[in-house]
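I opened a new notebook page for this protein and its ligand. My plan is to look up what surrounds the ligand and write it down.

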Amino acid sequence: MKIKTRDMVLVALFAGLTAVGAFLRIPIGPAPISMQNFFTVMSGCLLGARLGAASQGLYVSLGLIGVPVFTSGGGPSYLLNPTFGFLVGFILCAWIIGRLTEGKKPSVAGFFIASLVGSTVVYAIGVPWLYVILTKVSGVDITFMKALKVGCLVFIPGDLVKVVLVSWLSSRIVPLVARG
Ligand SMILES: O=C(O)CCCC[C@@H]1SC[C@@H]2NC(=O)N[C@@H]21
């Protein structure tokens, strides 16, 4: 399989942008508000399933080998960080958004619905991971409902704004560039 230079550049670009997103954060609890998922969702919308997921896979791999691109650093021990589930979710999120939008007419509504589905997957992996690591590894005494609150509910307003913005931007950018 031949990999195009353009594709490699786009994958590296979105891995880099997601890393920048980790620096744009507000610490509020076990998981911070961050701009990572803004770029995750955008990678799925703009690059499609294969390249979007590759960009997020590259991002997570760089963090795991020790490049401090996550909100609390990096390294293999991040597997036991309460927020690692969100990072796993990023890969699947980009892939799902790409699959749901590829070959379709680019519309704000189409990108919005796909981005909501993808973002739900980030929470579906992120919240149980957060709960298990906090309770079983860190010994924190919290209920699953509390984990749902600090790992999902607090982020919904901000993440909705991100998703609306990405959907609008993508509906304007995709017609100008062919997706790989
Ligand atoms: O440790 C990391 O680098 C991952 C942080 C994940 C933050 C999640 S992504 C979904 C939700 N929305 C936010 O703004 N923050 C959390």
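Entry 1. Which atom of the ligand does a polar side-chain atom of Thr71 lie 2.8 Å from? I looked it up, and the partner is an oxygen atom of the ligand. I note here that the model is predicted.

Entry 2. I checked how far the prediction can be trusted. The average pLDDT of the protein is 97, and 99% of the residues reach at least 70. I also copied down the ipTM of 0.99 and the pTM of 0.97.

Entry 3. I went on to other polar contacts of the ligand. Ser34 uses its backbone: one of its N or O atoms there is 3.0 Å from a ligand oxygen atom. With Asp159 I found a side-chain N or O atom, 3.0 Å from a nitrogen atom of the ligand. I then looked up the cover: on its own the ligand has 410 Å² of accessible area, and the protein covers 100% of that.

Entry 4. Where does the ligand sit? I found that the space it takes is the largest cavity.

Entry 5. I listed the neighbours. There are 15 residues around the ligand. Those that come nearest are Pro32, Gln36, Thr71, Tyr78 and Thr83. Sorted by class, the shell holds eight nonpolar residues, five polar ones and two charged ones.

Entry 6. Which helix gives the most to the shell around the ligand? I found helix 3, with three residues. I wrote down its range as 84–101. Strand 2 (33–34), helix 2 (36–64) and helix 6 (156–173) each supply at least two residues of the shell as well.

Key:
Residues numbered from 1 in each chain as written. Predicted model: local features only at pLDDT ≥ 70, side-chain atom pairs only at ≥ 80, totals over all residues. Heavy atoms only, no water. Near = heavy atom within 4 Å. Polar contact = N/O pair within 3.5 Å; in protein donor to acceptor, adjacent residues only side chain to side chain. Areas by Shrake-Rupley, 256 points an atom, 1.4 Å probe, with all protein chains shown as cover. 1 Å grid on protein atoms, 1.4 Å probe; cavity = no way out; pocket = protein on both sides within 12 Å on 5 of 7 lines; lining within 4 Å. Sits in = over half its atoms within 2 Å of the grid points. Helix = DSSP H or I, 4+ residues; strand = E, 2+ residues; numbered from the N terminus. Nonpolar A, V, L, I, M, F, W, Y, C, P; charged D, E, K, R; others polar. pLDDT = per-residue confidence, 0-100.
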